[in-house]
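Student: Could you take me on a close look at the open sheet in this model, and the parts of the chain that go with it? I would like one connected account that I can follow on the screen.

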Amino acid sequence: MNGYTAVAKILKKEGFEWMACFPANPLIEAVAKEGIRPITFRQERGGIMAADAYSRHMASKGKYGLFACQGGPGIENAFGAIAQAYADSVPLLFLPDGPGSYKSSVKPNFSGPQNYQHITKWSASITNVNEIPDLMRRAITALKNGRPGPVMLEMHRDVMADEIKDLQYELTQKYISVPNINDTRKALLKILHAKKPVIWAGQGVLYSGGTKELQQLSELIQVPVITTMPGKSAFNEDHTLSLGSSNRTAPKPVWTWLKESDVIFAIGASLTVTNYGIDMPSGKFLIHSTNNVDDISKEYKTDIGLIGDAKETFKILIDEFKSIIDDPNNIKIKTKIKNSSIKEDIKQVKEEWMDEWEPTLKSKIIPINTYRVIYEINNHIDHETSVVTHDAGHPRDEIMPFYTASVPHSYIGWGKTTHLGYGIPLMIGAKMADPSKFCMNIMGDAAFGMSGLDIETSVRAKVPITTVVLNNGTMGGYNHSLPHAMEKYDAANMTGDYAKIAEGMGAIGIRIENPEEIGDAIKRAKEINFNELRSVLIDIKTQQQMEFSIYS
Ligand SMILES: Cc1ncc(C[n+]2csc(CCOP(=O)(O)OP(=O)(O)O)c2C)c(N)n1
Ligand SMILES: [Mg+2]
């Protein structure tokens with residue numbers, strides 16, 4: 001067999017079931033022969049973003065996204081999406097074609113490993129077919145273990161055509177670690193003795209599959225939970241101990257607890273300072289549980305570090321708590337938990353917040369207020385059987401605080417670098433991960449331009465999704481920062497009938513100008529997705545909002 005067949009056979013053995021791609025790459029033909037389904041996207045970025053969503057959903061079950069494209073323009077155009085996956089710590093396998101082993105060092109050819117070294121967890125080139133089992137073992141081991149991230153293996157055409165006589169390959173393993181018991185016990189006692197502790201849960205909780213354990217611990221110790229943006233859906237936002245998720249916008253209880261808490265227990269989060277999150281106020285006692293030692297004391301000083309898997313860490317904390325609470329010496333802790341008024345306190349701040357926002361959420365203005373769109377989606381979607389995502393820009397800032405994610409993976413919160421256009425391919429990947437889900441992305445009209453044509457991919461591949469375009473005819477906020485460019489040249493505005501464009505790609509397009517019609521459109525979209533296996537685009541004429549849920 002040649003190198004491509006060898007790689008395809010290894011992928012099959014490792015459990016890959018489909019591959020996002022953009023031709024040409026002979027691996028596409030090789031995987032098809034092995035029964036791995038190739039899905040061709042309209043451009044490289046879309047394929048990677050779909051593989052990204054698949055990994056976010058499936059990594060805790062040992063399944064990962066996969067993408068292949070050609071060298072030259074393919075590998076070069078893939079850069080943005082791999083950079084986003086790296087920033088968001090998403091494990092996916094990237095297998096681009098290479099220009100030829102002898103050409104890599106000849107300028108201006110594009111060397112994969114050299115150019116991708118800063119945005120991949122691991123990268124290498126196949127320069128000899130006999131190295132394929134070793135290189136694939138290294139690549140997939142990196143995919144499964146430690147801090148997640150994209151992994152790249154470039155396949156040079158000249159060597160991939162060579163024959164391998166005897167392919168030997170053993171399945172790779174995933175290994176997880178646990179923090180040491182003394183530090184864990186110290187951390188737990190610190191939380192139990194704190195005045196106003198809070199749990200800060202990141203996407204590591206989702207990756208570890210530890211959402212049930214998070215809820216169990218939070219209930220046992222009566223400590224409320226904030227999730228990060230990538231961690232949104234790791235904790236039921238309808239739960240009485242939920243404070244909400246944190247982007248640069250967040251529900252009011254997030255701001256209140258972050259300000260007033262004395263002990264923060266961050267778990268499954270890198271605690272990287274970002275424009276798309278809230279900074280940790282100073283003067284807090286910080287317990288940091290992460291599987292990546294490099295995150296300890298990175299941007300904030302860690303007071304107790306717990307290195308290990310989030311789910312296993314919760315399990316140890318739960319067991320420790322049970323033994324502590326049964327000790328008669330700890331009766332004070334028992335009484336404190338029993339008498340805690342935490343749920344009432346949260347309820348009160350949530351109600352204040354909702355009272356303040358209710359007129360905006362129920363606004364009847366035309367063109368439609370974006371918050372009204374979110375309100376209607378919240379009320380007309382089955383939260384348990386749907387997956388929703390935002391796009392970059394104001395749609396993210398508006399949706400994040402107000403969309404209620406109640407079950408794990410019912411929302412993809414994303415964006416350390418925030419590439420416009422992620423939403424459509426993310427939902428294609430989410431639908432591939434779980435076809436029983438109604439998958440809906442909400443994006444602005446500028447975002448549509450970045451990936452809109454992948455609606456055709458979803459139609460062609462029969463992976464139906466629903467896209468809501470918040471069509472305000474401009475780039476929200478950017479127009480305010482460009483007064484002269486706007487007045488003289490209309491620099492941040494754009495127009496389009498996106499429902500018509502969707503129709504042209506074989507999807508169903510729905511146009512909405514009246515807020516009363518949004519609920520029915522969502523119900524109809526779901527029926528079309530499931531009964532006709534067709535994608536739907538709902539183009540909603542909105543107006544720009546400059547009001548955000550920020551209480552800094
Ligand atoms: C690839 C990329 N380029 C530029 C940006 C910067 N950016 C973020 S939001 C935005 C405008 C978004 O406008 P739109 O999608 O119409 O949403 P709106 O805010 O108008 O609702 C821009 C240019 C980005 N996030 N990604
Ligand atoms: Mg816009």
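Tutor: Happy to! Let's begin with a term: two strands are said to pair if DSSP finds at least two bridges between them. Keep in mind, too, that this is a predicted model.

With that in hand, look at the sheet. It is open, has six strands, and follows the order E2-E1-E3-E4-E6-E5, with parallel pairing. Strand E2 (37-40) and strand E5 (122-126) stand at the edges, and each has a single partner strand, so one side of each is left without a neighbour in the sheet. From one strand to the next, the twist averages 20°.

Now zoom in on one pairing. Strand E4 (residues 92-98) and strand E6 (residues 151-156) run parallel and are joined by four bridges. For a landmark, find Leu93: the bridge partner of Leu93 in E6 is Val151. Next, add a helix to the view. Helix H7 (residues 132-144) lies across E4, E5 and E6, and H7 runs at about 165° to E5.

The loops that follow two of these strands deserve a stop as well. Most peptide bonds are trans, which is why a cis bond is worth a second look. After strand E1 (18-22) comes a loop that leads to helix H2 (27-33), and Ala24 is found there. The peptide bond from Pro23 to Ala24 is cis, with omega near 10°. Another loop lies between E4 and helix H6 (112-116), and Pro108 is found in that loop. Lys107 and Pro108 are joined by a cis peptide bond, with omega about 5°.

If you then move along the chain, there is a backbone detail of another kind. Most residues other than glycine have a negative phi. Gln222, however, has a positive phi, near 55°. Gln222 lies in the loop between helix H11 (211-221) and strand E8 (225-228).

To finish, here is the ligand, to help you place the sheet within the whole model. Ligand 1 is surrounded by 17 residues, and the closest are Gly393, His394, Gly444, Ala446 and Gly476. Helix H17 (394-402) and helix H19 (445-451) are the elements that give two or more residues to this shell. H19 gives the most, with three residues. By type, the shell around ligand 1 divides into eight nonpolar residues, eight polar and one charged.

Technical notes:
Residues are numbered from 1 along each chain as its sequence is written. Chains are lettered from A and ligands numbered from 1 in the order in which they are written. This is a predicted model: local features need pLDDT of at least 70, side-chain atom pairs count only at pLDDT 80 or more; totals for chains, interfaces and linings use all residues. A residue is near a molecule or strand if its C-beta atom, placed from the backbone, lies within 6 Å of it. Ala, Val, Leu, Ile, Met, Phe, Trp, Tyr, Cys and Pro count as nonpolar, Asp, Glu, Lys and Arg as charged, and the others, Gly among them, as polar. Axes are lines fitted to C-alpha atoms, for helices over the stretch in contact, and angles run from 0 to 180 degrees between N-to-C directions. Two residues are in contact if their C-beta atoms, placed from the backbone, lie within 7 Å.
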